[in-house]
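Dear colleague,

I am handing over the structure below, and my notes on it follow. Please read them with the coordinates open beside you.

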Amino acid sequence: MKKIVCIVLTIFLFLSIALAEPVTQQPYELVVDGESRIGKYTGNMENGIPDGYGLFVTTNPNGYSWHYIGNWKAGLMHGEGSTYWEDGSLEIGEYDEGHFVFGYCYYDGADLELYSTLSTDRSLTDSESALVEPTEPTEPTVQYIGNKNSHVFHKLDCGSVKIMKDKNKVNFYSREEAIDMHYKPCGECNP
Ligand SMILES: [Zn+2]
């Protein structure tokens with residue numbers, strides 16, 4: 001999942017590089033609230049500072065590396081973007097003048113959670129949702145029950161199902177599945 005996120009963002013980065021004339025691996029000092037991080041910036045610039053779309057790679061004084069990829073304004077992370085730390089922690093969402101203000105975050109093995117410092121609610125944009133929404137398939141639910149002996153299938157609430165022995169029951173997840181298996185619809189419940 002995280003690899004896919006990185007790949008998608010890398011593709012976006014290269015698209016943006018092709019469309020603009022950004023710098024590559026340029027030394028940059030990011031300063032947020034007086035805290036400074038020296039790193040390398042790749043992306044769009046305006047007046048010599050990051051502005052537009054770009055990637056910033058840096059290391060904290062304790063040796064912990066992280067990178068931000070996303071939108072920039074006047075030298076700060078601003079707009080949609082994502083930060084990734086070397087332990088897999090991440091923040092995906094919206095930044096405001098260098099601060100993560102809204103989106104999904106995941107820290108040090110904890111669950112992915114929604115984070116917001118915004119006073120007004122807003123929902124995730126489509127691109128944010130695409131990055132964080134789990135894509136696990138939903139479990140199919142049993143729609144009909146067939147009887148192995150009679151080869152008749154029923155709605156779940158049919159009286160025949162209630163008295164059917166468990167060993168004779170067969171689950172169907174769609175009407176088509178039952179028909180394909182040569183089961184006939186019950187005349188009582190008309191499945
Ligand atoms: Zn029935």
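**A turn, a pocket and a zinc site**

Ala-74 lies in the loop that connects β4 (65-73) to β5 (76-85), and I begin there, with the caution that this is a predicted model. In the hairpin made by these two strands, which leaves 2 residues between them, Ala-74 adopts a positive phi near 50°. Once its neighbours within four places in sequence are set aside, Ala-74 is in contact with Ile-49, Pro-50 and Asp-51. Of these, Pro-50 is 24 residues away from Ala-74 in sequence, while the C-alpha atoms of the two are 6.4 Å apart in space.

The strands around this turn can be followed in both directions. β4 and β5 are antiparallel and are paired through 7 bridges, one of the pairs across them being Ile-69 in β4 with its bridge partner Ser-82 in β5. On the other side of the sequence, β3 (residues 49-59) is joined to β4 by 8 bridges, and this pair also runs antiparallel; here Thr-58 stands opposite Trp-66 in β4. The hairpin of β3 and β4 has 5 residues between its strands, and within that hairpin Gly-63 takes a positive phi near 90°.

Trp-66 comes up again in the largest pocket, which has a volume of about 310 Å³. Its lining consists of 16 residues, and those nearest the centre of the pocket are Leu-30, Val-32, Trp-66, Met-77 and Gly-98. Several strands contribute to this lining, with at least two residues supplied by each of β1 (23-32), β2 (35-46), β5, β6 (90-96) and β7 (99-106). Sorted by class, the lining of the largest pocket comprises 8 nonpolar, 5 polar and 3 charged residues.

Further along the chain, which residues coordinate the zinc ion? The donors are His-154 through ND1 and Cys-158, Cys-186 and Cys-189, each through SG, at 2.1 to 2.4 Å. The angles among the 4 donor atoms range from 94 to 129°, and the site of the zinc ion is tetrahedral. Ideal angles for four tetrahedral donors are 109.5 degrees. Along the chain, the donors of the zinc ion are spaced as H-x3-C-x27-C-x2-C. Distant parts of the chain are linked in this way, since His-154 belongs to strand β10 (residues 152-155) and Cys-189 to the segment after β12 (184-185), the two being 35 residues apart.

The strands that carry or precede these donors belong to an open sheet of 4 strands, in the order β11-β9-β10-β12 and with mixed pairing. At its edges are β11 (169-172) and β12, each of which pairs on one side only. Between β9 (residues 144-147) and β11 there are 4 bridges, and the two strands run antiparallel, with Tyr-144 standing opposite Phe-172 in β11. β9 is likewise joined to β10 by 4 bridges in an antiparallel arrangement, and in this pair the zinc ligand His-154 is the residue of β10 that Ile-145 stands opposite. The hairpin of β9 and β10 has 4 residues between the strands, among which I would point you to His-151, with a positive phi near 55°. How do β10 and β12 run relative to each other, parallel or antiparallel? They run parallel, joined by 2 bridges, and the bridge partner of Phe-153 in β12 is Pro-185.

With best wishes

Technical notes. Residues numbered from 1 in each chain as written. Predicted model: local features only at pLDDT ≥ 70, side-chain atom pairs only at ≥ 80, totals over all residues. Heavy atoms only, no water. Contact = heavy atoms within 4.5 Å. Pairing = 2+ DSSP bridges. 1 Å grid on protein atoms, 1.4 Å probe; cavity = no way out; pocket = protein on both sides within 12 Å on 5 of 7 lines; lining within 4 Å. Points joined across faces, edges and corners; volume = space filled by probe spheres on them. Nonpolar A, V, L, I, M, F, W, Y, C, P; charged D, E, K, R; others polar. Donors = N, O, S within 2.8 Å, 3.2 Å for Na, K, Ca; no water. Tetrahedral: all angles 85-135°; square planar, octahedral: opposite > 155°, others 65-115°.
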